[in-house]
Amino acid sequence: MDVEVLKALANRRRLQILEWLRDPVAHFPPQVDGDLETDGVCGVLIAQKLKVSQPTAGEHLKVLAAAGLIEGKRIKQWVFYRRDEDRIREVKQTLSQDW
């Protein structure tokens, strides 16, 4: 198991972000730029929902992206994030195996 994945999963806020991104339409308002499902959720909206500063949210998103659990997509000056479902499935499978 990749240490980056374990680091990403060891924080309740990062787990919360992953949960929200599972169903972005249910957890975030419509965006001016970018489709919630196709493009992902703007990092600014994630920071607001977490009730943290944008730099703090950015660090959480950076850790999740480094683990490959989310992908970022730049649209204009914003970065939009969505889950990498293939990678998450792979991680779940690895975690469910006998050690």
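**Stop 1: the β2–β3 turn.** Select Lys76. This residue lies in the loop between β2 and β3. The model is predicted, so read every value here as computed from it. Check the backbone: phi of Lys76 is near 55°, a positive value in a residue other than glycine. Is Lys76 buried or exposed? It is exposed, with a relative accessible area of 59%.

Now widen the selection to both strands. β2 and β3 form a hairpin, with two residues between them. Strand β2 covers residues 70-75, and β3 covers residues 78-83. Their pairing is antiparallel and runs over six bridges. To see one pair, pick Glu71: Arg82 in β3 stands opposite.

**Stop 2: the other partner of β3.** Select residues 41-42, which make up strand β1. Two bridges join β1 to β3, and these strands run antiparallel. Which residue of β3 is the bridge partner of Cys42? It is Phe80.

**Stop 3: helix α5.** Select residues 54-66. The helix has 13 residues. From first C-alpha to last, α5 reaches 18 Å, close to the 18 Å expected at 1.5 Å a residue.

Colour Ala57, His60, Leu61, Val63 and Leu64: these residues of α5 are buried. They cover an arc of only 155° around the axis, which puts them on the same side of α5. The general rule is that an α-helix has 3.6 residues a turn, so residues three or four places apart point the same way.

Turn the helix around. Pro55 and Lys62 are on the other side of α5, and they are exposed.

What covers the buried residues of α5? The cover includes helices α1 (3-9), α2 and α4 (43-50). Strands β2 and β3 also belong to it.

**Stop 4: either end of α5.** Start after the helix, at Gly68. This glycine follows α5 and has a positive phi, near 80°. Then go to Lys51, in the loop between α4 and α5. Its phi is near 60°, a positive value in a residue other than glycine. Lys51 counts as exposed because its relative accessibility is 75%, where the cut-off is over 50%.

**Stop 5: Trp20.** Select this tryptophan in helix α2, residues 12-22. Trp20 counts as buried because its relative accessibility is 9%, against a cut-off of under 20%. Show its contacts next. Leaving aside neighbours within four places in sequence, Trp20 is in contact with His27, Phe28, Ile46, Lys49 and Leu50.

Add Trp78 and draw a C-alpha to C-alpha distance. How far apart in space are Trp20 and Trp78? They are 19 Å apart, with their positions 58 residues apart in sequence.

**Stop 6: the largest pocket.** Stay with α2 and show the surface. The largest pocket has a volume of about 160 Å³. Select its lining: Leu9, Leu15, Leu18, Glu19, Arg22, Leu69, Arg83, Ile88, Val91, Lys92 and Leu95. Which elements give two or more residues to this lining? They are α2 and α6 (85-96).

End with the lining residues as sticks. Charged and aliphatic side chains can be inspected there one by one, among them Glu19, Arg22, Leu69 and Arg83.

Terms used. Residues numbered from 1 in each chain as written. Predicted model: local features only at pLDDT ≥ 70, side-chain atom pairs only at ≥ 80, totals over all residues. Heavy atoms only, no water. Helix = DSSP H or I, 4+ residues; strand = E, 2+ residues; numbered from the N terminus. Buried < 20%, exposed > 50% of the residue type's maximum accessible area, 1.4 Å probe, protein only. Contact = heavy atoms within 4.5 Å. Pairing = 2+ DSSP bridges. Expected span 1.5 Å × (residues − 1). Arc of directions from axis to C-beta. 1 Å grid on protein atoms, 1.4 Å probe; cavity = no way out; pocket = protein on both sides within 12 Å on 5 of 7 lines; lining within 4 Å. Points joined across faces, edges and corners; volume = space filled by probe spheres on them.
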